[in-house]
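I wanted to look up how the aromatic rings are arranged in this structure and what surrounds them. These are my notes.

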Amino acid sequence: MSQQGYVAAPPYSQAQPGIGGCSAGFGPPNSSLHYGHYGDPNSSYSAPQPGVSKSTVPFGSSAPVGPPPPGTHQFSQTNFQNGPSTPGQQPHRFQGPPPPSNTGSSYPPYSHQSQPAYPNTASTSSTTQLANQLNSMQINSYGPGTAPSPCMSSGHPASLQGPQLLPPTQQQMSLPPGSQVPPPANNVNGLCAQPSLPPMARQDGIPGPVPPNPNLQQLPGQPPGPGYHPQQANYGPQMSGSQLSYPGAFPGGPAQLPGPQQKKLDPDSIPSPIQVIENDKASRGGQIYATNTRGQVPPLVTTDCIIQDQGHASPRYIRCTTYCFPSSSDMAKQARIPLAAIIQPFAIVPPNETPLYVVNHGETGPIRCNRCKAYMCPFMQFIEGGRRYQCGFCNCVNDVPPFFFQHLDHIGRRVDHYERPELSLGSYEYVATLDYCRNNKPPKPPAYIFMIDVSYRNINSGLVKLICDELKTLLDKLPREEQEESSAIRVGFVTYNKVLHFFNVKSSLAQPQMMVVSDVGEVFVPLLDGFLVNFQESRSVVINLLDQIPEMFADTNESETIFAPVIQAGMEALKAAECAGKLFIFHSSLPTAEAPGKLRNRDDKKLLNTDKEKTLFQPQVNSYEALARDCVANGCCVNLFLFPNQYVDVASVGLVTMYTGGTLYKYNNFQLDADSPQFLSDLRKDLEKKTGFDAIMRVRTSTGFRATDFFGAIYMNNTTDVEMAAVDCDKAVTVEFKHDDKLNEDSGALIQCAVLYTSISGQRRLRIHNIGLNCSSQLADVYKTCETDALINFFAKSAFKAILSQPLKMVREILVNQTAHMLACYRKNCASPSAVSQLILPDAMKVLPVYMNCLLKSCVLTGRPEIPTDERAYQRQLVTSMGVADTQLFFYPQLLPLPGSEERQCPSCCPLL
């Protein structure tokens, strides 16, 4: 039986005698460049090292291997041809800046050269059909004659009221009655349109509930009967070139046969995300999810469960777009499914789950492979009685250090397997040695510097007093290690308008001392001793200072401010103290004072929907990028709290925040009474976050594929090292992988993420996350293990990065075409033959069109005059560092019922499209 996914049928359909051509090929003209293709012939890949044999010992369970089921890849002549028309045709990807040169990386540089775009003579296929279907979808409308219901029951949205589940033996979606039209009898060019098979809801998909049948109404006066509803779509002029399609599609063939106008897809037939979420909660919520099997698909991010680490990293740390990689680059190019992992290395672990164990090997340090430098993990295979081990990533055979030696049991596993976290768990930490520290010196505990804008507007609105009053209580809640009584973090204070004010709060002083730096062109730190102090030791002086600051500047009339010198001053202070840290900057206006980083108001609505619109998301001056590079090099993270009442150029002032791993908060037209609770809540959470400082991340993979692109609040000096001045529990890095060679289905695809960082107590540590994925030569296995939430995270970040260099219209087209290609490949290779007018969705991707529609409607990708430019730049930066759970909630938010409402309460959340 062939693989059949979720089927969405448009209303009032009938067999179509012919379908016209479509517009020219996807993407930009042939002269445009492409970035990061599958199977790029001009890309330089690292060849496998000679003399290295593949490991024959699998870890965990491998993907099922066998011949494809009958009919999976074979279709009658009436089916469209999906996927690339020629082997040389490259998938269309976002274009980006070329990566910097690789200095000292363990992989060869990934070169990007000019690639032609899709040819304009691309053949008409079901990819085009799906693209037109996706473009014509109106998910936020409820169809003619219906209105959205304010309430739903059992987690079903208003568009799916009264579902009727079929028995397990009849997994077939019922179709509404309609007029039955016989197939055309004429045969053109040997192709005859035959009656389509009835649509199937799903066959052999991932276990789960059958999608409900929507209640579709019968047209009055129409006799009931089977048939498919025509889809309303606009098709462009006839294309030249060979096309495999319905009669009339071949060049020089008979004219296209007339047919009734097609209808748009019925929104009621689109699967409900709420239903998918509720079904997953019902089947997997509250249960224990053990990570002992390679390539298993975890519960959705919206499902609460207890995760037990049994050899692979928890999905709280790593989620993948698919848990079964294609075995070859040709398969990956054919499916066009992004191969990516979203890594959230410091994700919060609930109290009912085990925290990470810390492994300390003393002066010897962590055990690593001599060739690829991968750290000891469950993927290492011990041989020769335990005296040597074979690396699971590069297959190199290494000697076991004498202190680490242990005998093997009867199945070849060390007898201390379950006693060592690095051998039995997917995530753990190592205590790093001096070799992993800057200048081979142990790091000092980090510091927090609070930098407050004391211009006229902030003083007059009461914001400065609010901040100072809140800091009096927050400084007692600075983060600390669990075994420590008090926090080791030191604090410092700076105020500014057109000049900088440093404060000496040394514990031996009776009153704080202020020093003014008026030369903002070349900022320096006027004092070292007494600027960064332990709050518990200098409590009285710090409290005194926080009381005096609002009164000290109460009579100010200064409205102009600086910004770049403020960050420069904080970075120089941390550099002088030889420690990493965070800057908490509270800023409210466009920096117009004469100083480095001065900005002008460049908000121009005329640039919307033009090729120059991308400049609105780029920094106005180059000084901020250079400043961000210096901050990362010195471990200085910038957290920015913005309180604008007009344009402040978020794209420029927020650049340092994004590159340094910081967080940007924005409160438009801040009102003390209305907005202070939200601001204070954000400040408290940010101050108490578990954070790693001065961090470097490296992602290693097994042979056959490698990491090629990275998205997040990161900075990269080369193609392999991800640098972050700080990384907290909310930050995630999305990593894309490409094939170097054919993958082994037995050994699978292994990924190891290592994060070197400084803890809040000043200890240098390595946090390791390992995950193993399956590999398969069957496309059905790849589609079966996809995760839609992770796919949307990848698409959003790659699209938001692409808008810096490409027009928004092109970015939106690429997103639609990419989605169409993925679904078309599934339809061709994995689904049973069905009517062309039907939208067939893989079971694991049945809400992908809805989520993609939400992404396309986001304000970042929608250039409308009523949307402020700052808001678009802010949301772009916000999404760039999000994890999977955050992007799922961001693009598909939920409406919650308010307690005490007079209307009938909804038993569950209502979708907001």
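Entry 1, aromatic cluster. I looked for groups of rings in this predicted model. Phe 586, Phe 641, Phe 643, Tyr 665, Tyr 667, Phe 670 and Phe 679 form one aromatic cluster. I then checked one of its members against the strands: Phe 586 is a buried residue of E17.

Entry 2, pairs. I searched the whole structure for aromatic pairs and got 32. I looked at Phe 450 with Phe 493, which are stacked, with 5.8 Å between centres and 20° between planes. Phe 450 belongs to strand E12 (residues 447-453) and Phe 493 to strand E13 (residues 490-496), so I noted a link between distant parts of the chain, 43 residues apart. Are these two rings buried or exposed? Phe 450 has 0% relative accessibility and therefore counts as buried. Phe 493, at 2%, is also classed as buried.

I turned next to Phe 670 and Phe 679, an edge-to-face pair with centres 6.1 Å apart and planes at 85°. I found both Phe 670 and Phe 679 buried. Phe 670 and Phe 679 are also members of the cluster in my opening entry.

Entry 3, charges over rings. I looked up arginines placed over aromatic faces. Arg 414 lies over the face of Phe 382, 4.9 Å from the ring centre. Arg 767 has its charged end over the ring of Phe 346, at 4.3 Å from the centre.

Entry 4, strand E17. How many of the seven residues of strand E17 (residues 581-587) are buried? I got seven of the seven, so the strand is largely enclosed by the rest of the structure. I checked the two faces separately. On one side Gly 581, Leu 583, Ile 585 and His 587 are buried, and on the other Lys 582, Phe 584 and Phe 586 are buried, so both faces are covered.

Entry 5, neighbours of E17. Which strands pair with E17? E12 runs parallel to E17 and is joined to it by six bridges. I picked out one contact here: Ile 449 has Leu 583 of E17 as its bridge partner. E17 also pairs in the parallel sense with strand E18 (residues 636-642), over seven bridges. For this pairing I noted that His 587 has Leu 642 in E18 as its bridge partner.

I last traced the connection from E17 to E18. With helix H9 (residues 623-633), E17 and E18 make a right-handed β-α-β unit.

Conventions: Residues are numbered from 1 along each chain as its sequence is written. This is a predicted model: local features need pLDDT of at least 70, side-chain atom pairs count only at pLDDT 80 or more; totals for chains, interfaces and linings use all residues. Side-chain values use heavy atoms; hydrogens and water are left out. Rings of Phe, Tyr and Trp (its six-membered ring) pair if their centres lie within 6.5 Å; planes under 30 degrees apart count as stacked, over 60 as edge-to-face and the rest as tilted. Helices (H or I, at least four residues) and strands (E, at least two) are DSSP runs, numbered from the N terminus. Buried means under 20% relative accessible area, exposed over 50%, partly exposed in between (1.4 Å probe, protein chains only). A charge sits over a ring if NZ of Lys or CZ of Arg is within 6 Å of the ring centre and within 35 degrees of the ring normal. Two strands pair if DSSP finds at least two bridges between them. A crossover is right-handed if, with the strands pointing away from the viewer, the path from the first strand over the helix to the second runs clockwise.
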